[in-house]
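Biologist: I should like to learn how to read the features of a structural model. May we work through one together?

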Number of protein chains: 2
Amino acid sequence: MTDAPSGVPAGAQGGPSWLVDDILRVEDLLLRTAGASGQPLVAEPSLHLLKAGGKRLRPALVLLSSHAGESGRRATDLAAAAIELVHIATLYHDDVLDETETRRGVPTTHAKWGTEVAVLAGDYLFACGSALGADASGEVPGILARAIAAVCEGQIVETGSVNDPERTPEQYLNTIRLKTAALFVAACDLGAATSDAGPDRRAALMVYGESLGLAFQVIDDLLDLTGDPRITGKEPGTDLREGVFTIPVLIGCQRDPSLARRLASGDRELGSVLPTLDASGSLAAALDIACEHGRRAEGALAELPDVEWTASLRTIITGVLAQVPDVSPV
Amino acid sequence: MTDAPSGVPAGAQGGPSWLVDDILRVEDLLLRTAGASGQPLVAEPSLHLLKAGGKRLRPALVLLSSHAGESGRRATDLAAAAIELVHIATLYHDDVLDETETRRGVPTTHAKWGTEVAVLAGDYLFACGSALGADASGEVPGILARAIAAVCEGQIVETGSVNDPERTPEQYLNTIRLKTAALFVAACDLGAATSDAGPDRRAALMVYGESLGLAFQVIDDLLDLTGDPRITGKEPGTDLREGVFTIPVLIGCQRDPSLARRLASGDRELGSVLPTLDASGSLAAALDIACEHGRRAEGALAELPDVEWTASLRTIITGVLAQVPDVSPV
């Protein structure tokens, strides 16, 4: 799934027509919320990344999960828009901290307006998301706030692991469970909570969300090493050069201790590291882990009715895994 | 009011004994919330500024305002702690963006742990504050989220006014109404909302909060020009050197256009600007504006019963204004 710069967001593509309608309604809410300030210096940077496109994967998860209960409620739309604003806020801060210059084919907010505006617009989007969550009321504000806290915890823990080739794959998985999967879990939980789905369905959706989130991050990390920059929109090997050693690299270090020594001594060029990872089967092993989490997500869906909305959730798993070319569907 | 590095926070000093008890209960909640992560790399930077002291002025406003209705509720404590965490989160991001090295007599979070951790710990504290607000439920999450959005709007607008000596005093006041006063309004509103105070009392408290917030910021800006660094803990003239022209300077530019030209040409040393501001009566005029807002805050209190908690709110006005030495009480 690549970013869809215009038209129907990729999170709804290939799904049922009602999902397209739902996503477009949330899209309208997103643009009106992030653009609500009368101050152009606030509204323009806040709308910047939203207008550049994006998959709207998290809103799609909220909307689809809401079919576990009584779908079509206003609170579900509010929660779907809220979680996307929170996600975008994290991207604003990530891009400042990583000094990323482009995202979704456009200059990043800090590249265009400077660091100060980008940090503050990120804070503003967190607040806008929280305000939508407050309007949704019920459990939504708490689910959102705790998910943001978990994402930040994961990101802070990751800063402490930079340049550490000794981090174990298990430590990596615990970090991405917070950094990435927490927002996927929250998305599914928000759909279930706002539609008053029963506890069994809600629990199954949260297992689905966590497994999908873990698979998503492992695939994203593989794409950083092996992805086609024309498709990913990112320079390959960025994590590696910045000392962020992801699971294919950490498996590689376990299988071939000389790799850990090379990384520690500063050899972090993709051209020299990639053949080592390939030779030791570390790329394939990471892909296996992603597929295993994809199968776990499938298993969670098996506890839910076999209907259109669960089929769409299944399609999302396949779409995430299919980003790495030689993965067969789960 | 200077920061109290230990013992009873200054926001409760000189107040009734029940306020001290209330503030210490909120203090405990603050430390437990910000320190809840099992990850030391998350808990330590998140607790850092809280442990360095602070006045706890905003929690004191929440707690005192709650006496307009049925005080002593758990939701009031949660809201009081929530707004302080939000305030501290804004300080973390301010200090990163202003490259401030010390605050409250200790190295800032970014000076100690780096920019990445400081930005993310600020985000984490926003989330912790929002989670406490969600636990308080009712109107609390919405009041908090909208206040955070207003603060960010004010801060972004201010970045657009840097190096602009033509900004009018009215534009300045509109900016600080968002940047600073919005959190004071929210504090008073949270006290009233969580105690089910009636609409008249709630409205009066919000006028009080806004006026106090405006007076507070004007005094803070005067202290940046004339304050004793041994008391303020800050290097004088910092705003001026960074091109942040506050109300005494903007009044000075209106009264003496040659000052605007000097500032535009880069002459921003306190030693040369201060005598010009003094000679044109601009410092005194800014002080008058602070006192006028102090009187407006007094006027709002006159609509409330003349009892112990309103007397404490009156003492806070006097305390804010008395920071500039030659101000007589309102």
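Modeller: Certainly. Please keep in mind that this is a predicted model. Let us begin with a helix contact in chain A. From helix 3 of chain A, the residues Arg58(A), Pro59(A), Val62(A) and Leu63(A) meet Thr76(A), Ala79(A), Ala80(A), Ala81(A), Ile83(A), Glu84(A) and His87(A) of helix 4 of chain A. By class, the residues of this contact between helix 3 and helix 4 of chain A are seven nonpolar, two polar and two charged.

Biologist: How are helix 3 and helix 4 of chain A arranged with respect to each other?

Modeller: The general idea is that two packed helices are described by the angle between their axes and the distance between the axes. In this case, the axes of helix 3 and helix 4 of chain A cross at roughly 155° and come within 8 Å. An angle over 145 degrees counts as roughly antiparallel, and helix 3 of chain A is therefore roughly antiparallel to helix 4 of chain A. The crossing of helix 3 of chain A with helix 4 of chain A is right-handed.

Biologist: Which residues does helix 9 of chain A bring to its contact with helix 16 of chain A?

Modeller: Helix 9 of chain A contributes Tyr208(A), Leu212(A), Ala215(A), Phe216(A) and Ile219(A), which meet Leu313(A), Ile316(A), Ile317(A), Val320(A) and Leu321(A) of helix 16 of chain A. The contact of helix 9 with helix 16 of chain A consists of 10 nonpolar residues, with no polar and no charged ones.

Biologist: At what angle do helix 9 and helix 16 of chain A pack?

Modeller: Helix 9 of chain A, residues 199-226, and helix 16 of chain A, residues 308-321, pack at about 20°, and their axes are 9 Å apart. Angles under 35 degrees count as roughly parallel, so helix 9 and helix 16 of chain A are roughly parallel to each other. Helix 9 of chain A passes helix 16 of chain A in a left-handed crossing.

Biologist: I see two chains as well. By what turn can chain A be laid on chain B?

Modeller: In general, two copies of a chain are related by a rotation about an axis and a shift along it. Here a turn of 180° with a shift of 0.0 Å along the axis lays chain A on chain B, with an RMSD of 0.0 Å. This is the relation of a two-fold axis. Within chain A, the residue that comes closest to the rotation axis is Pro141(A), with its C-alpha at 3.4 Å. Both copies use the same surface, as 100% of the contact residues of chain A recur in chain B.

Biologist: How many residues of chain A are in contact with chain B, and which helix of chain A gives the most?

Modeller: There are 35 residues of chain A in contact with 35 residues of chain B. On the side of chain A that touches chain B, helix 2 (40-51), helix 4 (74-98), helix 6 (115-136) and helix 7 (140-159) of chain A each supply at least two residues. Helix 6 of chain A gives the most, with 16 residues. The side of chain A that touches chain B comprises 20 nonpolar, 10 polar and five charged residues.

Biologist: How should I read the backbone angle phi, and what is its value at Arg56(A)?

Modeller: Most residues other than glycine have a negative phi. At Arg56(A), phi is near 55°, a positive value in a residue that is not glycine. Arg56(A) belongs to the loop between helix 2 and helix 3 of chain A. Arg56(A) counts as buried because 27 C-beta neighbours lie inside 10 Å. In chain B, Ser137(B) also is not a glycine and has a positive phi of about 60°. Ser137(B) sits in the loop between helix 6 and helix 7 of chain B, and with 17 other C-beta atoms within 10 Å it is partly exposed.

Biologist: Where is Gly69(A), and which residues distant in sequence does it contact?

Modeller: Gly69(A) is in the loop between helix 3 (57-65) and helix 4 of chain A. Its 18 C-beta neighbours inside 10 Å make Gly69(A) partly exposed. Gly69(A) and Ser195(A) are 126 residues apart in sequence, yet 4.7 Å apart in space from C-alpha to C-alpha. Leaving aside neighbours within four places in sequence, Gly69(A) is in contact with Ala192(A), Ser195(A), Asp196(A) and Ala197(A).

Notes. Residues numbered from 1 in each chain as written. Chains lettered and ligands numbered in written order. Predicted model: local features only at pLDDT ≥ 70, side-chain atom pairs only at ≥ 80, totals over all residues. Axes fitted to C-alpha atoms, helices over the stretch in contact; angles between N-to-C directions. Helix = DSSP H or I, 4+ residues; strand = E, 2+ residues; numbered from the N terminus. Parallel < 35°, antiparallel > 145°, perpendicular 65-115°, else oblique. Left-handed = near helix turned anticlockwise from the far one by under 90°. Contact = placed C-beta atoms within 7 Å. Nonpolar A, V, L, I, M, F, W, Y, C, P; charged D, E, K, R; others polar. Least-squares fit on C-alpha atoms with pLDDT ≥ 70 in both. Buried ≥ 20, exposed ≤ 12 C-beta atoms within 10 Å, placed from the backbone.
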